[in-house]
Amino acid sequence: METIKNYTIPTTKNIIIQLTASSISLFSLYQASHQESWLVKFIFALIFTLSNNTLFSLLHESVHRCYSKNVYINEVAGNLAAFFFPPAIVTGNRSEEHTSE
């Protein structure tokens, strides 16, 4: 597999996107669990789903060490994103099998 070393990773943008998506996910999950109307619950659940898709993408980037060139930032960001996907904390973020393709 060819490695490209002259690329720019938007670490600051990734951090901002992750913080925003995390906030939206937590807010929408809270709102969905505290609403009476099923329509409103559905809308917040849909928002949660879309923001969590973003978090999963960032988790995937951190697993491949593409979230940041800084290894520590990759680890911390990956673990924080994995918080929204409990099995990923144990398996996905630590898996070397997926990165050795």
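A patch here is a set of residues with over 30% relative accessible area and no salt bridge, in which nonpolar side chains are joined within 5 Å. The model described is a predicted one. In this model, Ile24, Leu39, Phe42, Ile43, Leu46, Ile47 and Leu50 make a nonpolar surface patch of about 670 Å².

Helix H2, residues 38-63, gives the largest share of that patch, with six residues. Phe42 is one of the patch residues and lies in helix H2. Its relative accessibility is 55%, and because exposed means over 50%, Phe42 counts as exposed.

**Overall fold**

The protein has four helices and zero strands, which gives the pattern α-α-α-α when read along the sequence. Of the 101 residues in the protein, 31% are buried. The accessible surface comes to about 7100 Å², and carbon and sulfur atoms account for 67% of that surface. Among contacts between residues at least 6 apart in sequence, 58% join residues at least 24 apart.

**Helix H1**

Helix H1 covers residues 11-33. Its 23 residues should span 33 Å at 1.5 Å a residue, and its end C-alpha atoms are 33 Å apart, so the expected span and the model agree. The buried residues of H1 are Thr11, Asn14, Gln18, Ala21, Ser22, Ser25, Ser28, Gln31 and Ala32. H2 and H3 are among the elements that cover them.

Ser25 is found in helix H1. Its relative accessibility is 0%, and because buried means under 20%, Ser25 counts as buried. Apart from neighbours within four places in sequence, Ser25 is in contact with Phe48, Ser51, Asn52, Leu55 and Phe84.

The two residues with stated accessibilities are set out below.

| Residue | Helix | Relative accessibility | Class |
|---|---|---|---|
| Phe42 | H2 | 55% relative accessibility | exposed |
| Ser25 | H1 | 0% relative accessibility | buried |

**Nonpolar core**

The largest nonpolar core has eight residues, namely Ala21, Leu55, Leu59, Val63, Ala81, Ala82, Phe84 and Phe85. H2 and helix H3 (71-82) each supply at least two residues of this core. The largest share, three residues, comes from H2. Ala21 belongs to this core and is also one of the buried residues of H1. Leu55 and Phe84 are core residues that are also in contact with Ser25.

Helix H2 therefore contributes to both sets: it supplies the largest share of the nonpolar patch, and the largest share of the core comes from H2.

How values were computed
Residues numbered from 1 in each chain as written. Predicted model: local features only at pLDDT ≥ 70, side-chain atom pairs only at ≥ 80, totals over all residues. Heavy atoms only, no water. Patch = residues over 30% accessible without salt bridge, like charges linked within 9 Å, V, L, I, M, F, W, Y side chains within 5 Å. Areas by Shrake-Rupley, 256 points an atom, 1.4 Å probe, with all protein chains shown as cover. Salt bridge = Lys/Arg side-chain N within 4 Å of Asp/Glu carboxyl O. Buried < 20%, exposed > 50% of the residue type's maximum accessible area, 1.4 Å probe, protein only. Core = buried A, V, L, I, M, F, W, Y, C linked by side-chain atoms within 4.5 Å. Expected span 1.5 Å × (residues − 1). Contact = heavy atoms within 4.5 Å.
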